[in-house]
Amino acid sequence: MRKRLALLLLLTVGLALMRVSAHQQDPPPKQDPQKPENADTLKFDTKLVVLNVAITDGEGRYINGLKEKDFSIFEDKKPQQIIDFISDERPFSVVILLDTSLSMERKLTLARAACAKFVEGLREGDTFAIYSFGGFKVKVHQDFTEIHDVPDSVWDMKVDGETPLYDAIAKAADALAERPERRRAILIVSDGADTRSKATLDQALRKTLDASASIYAVDLSDAGVFKSGPRDTGAEIMKDMAAKTGGRFFDAAGGGKLRDAFASTVDELRQQYTLTYESSNDKYDGKWRAVEVRITKPLLSVRTRQGYYARKQKG
């Protein structure tokens, strides 16, 4: 009797072990290659470069309908392989920077109204934030939101002292770097040069390029708005930053022209092509890398950022 019980016990344990072994060897369920976890998400590493590209004709009209095969990318004159291409409308994220330094006193009402008009023109899915910069600080009036309304604090803004422009750009770039949208922009409404920032011009530019953001700058200097007084270096600096980041500089943007500049920015961000490539240069040396985008179609203009700074290896 005891032998039978022992034999039965051994047989039961053996069957249980066989079931466990068979379960462990079952292959994992196969993932459909046509259905990635998130088809609209691209996981970035330090060698991937995102370019937002505006294509216009001789009349300045945006050109749609181009295909990936129409584009070529060169980094330091070496051809690069495009690994992702977006030609349809996608949501974008923008930070609006409003200058509230003392020199903006006569133009603040104009800037507020144009800001409200810009927000009204956003579409579903677009996000925006509003910062002001004046005196010694950068103030967040509205963090990123899809609710297309300007907060009361913007209408209550007061002018104050100096112009911490580079601090504002650096703060906006840091915020945009955390956004999921690949189309990102900083819209600057200012009348002059930086006079009070902890960040340098180079630091502000590097942060903007690292965030794959473009700068769109509106000139509200007295020379631009009222056609009086000399233009200071601020306008030239903003113009240079816009060119390097693939954005635009709007000259003499008083009155209706300011509203047109804001509307043009929204229109451009909607109609950009977004190209992503993996740099063939595997050095992490922190150096500038020049980027050029070419297209096969003649008589069209291409605008994107002029390059970027490679990441520098730590240690």
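Helix H5, which spans residues 201-210, has Ala-204, Leu-205, Thr-208 and Leu-209 among its buried residues. These four cover an arc of only 130° around the axis, and therefore lie on the same side of H5. The model is a predicted one, and this briefing follows the surroundings of H5, the enclosed cavity and the buried residue Ser-279.

**Helix H5 and what follows it**

- The elements that cover the buried residues of H5 include helix H4 (165-177), strand S8 (183-190), strand S9, helix H7 (233-245), strand S12 and strand S14 (307-309).
- Just after H5, the backbone at Ser-212 takes a positive phi of about 55°.

**Ala-213 in strand S9**

- Ala-213 belongs to strand S9, which comprises residues 213-219, and its relative accessibility of 1% is under the 20% limit, so Ala-213 counts as buried.
- Leaving aside residues up to four places away in sequence, Ala-213 touches Leu-176, Arg-184, Ala-185, Thr-208 and Thr-245; of these contacts, Thr-208 is also one of the buried residues of H5.
- Ala-213 and Ile-186 are separated by 27 residues in sequence, while their C-alpha atoms are 6.9 Å apart in space.

**The cavity**

- A search of the whole structure finds one cavity of 30 Å³ or more, and the largest cavity has a volume of about 50 Å³.
- The lining of the largest cavity is made by Val-50, Leu-51, Asn-52, Ser-212, Ala-213, Ser-214, Thr-245, Thr-304 and Arg-305, so that Ser-212, the residue with the positive phi, and Ala-213, the buried residue of S9, both appear in this lining.
- Strand S1 (48-56) and strand S9 each supply at least two residues of the lining, and S1 gives the most, with three residues.
- By residue type, the lining of the largest cavity divides into three nonpolar, five polar and one charged.

**Ser-279 and its polar contacts**

- Ser-279 sits in the loop between strand S11 (273-278) and strand S12 (288-295), and S12 is also among the elements that cover the buried residues of H5.
- With a relative accessible area of 2%, which is under 20%, Ser-279 is therefore buried.
- The side chain of Ser-279 is joined to the side chain of Glu-75 by a polar contact of 2.7 Å, and to the side chain of Arg-289 by a polar contact of 3.4 Å.
- Not counting residues up to four places away in sequence, the residues that Ser-279 touches are Lys-47, Glu-75, Gln-80, Arg-289 and Tyr-308.

Definitions and conventions. Residues numbered from 1 in each chain as written. Predicted model: local features only at pLDDT ≥ 70, side-chain atom pairs only at ≥ 80, totals over all residues. Heavy atoms only, no water. Buried < 20%, exposed > 50% of the residue type's maximum accessible area, 1.4 Å probe, protein only. Polar contact = N/O pair within 3.5 Å; in protein donor to acceptor, adjacent residues only side chain to side chain. Contact = heavy atoms within 4.5 Å. Arc of directions from axis to C-beta. 1 Å grid on protein atoms, 1.4 Å probe; cavity = no way out; pocket = protein on both sides within 12 Å on 5 of 7 lines; lining within 4 Å. Points joined across faces, edges and corners; volume = space filled by probe spheres on them. Nonpolar A, V, L, I, M, F, W, Y, C, P; charged D, E, K, R; others polar.
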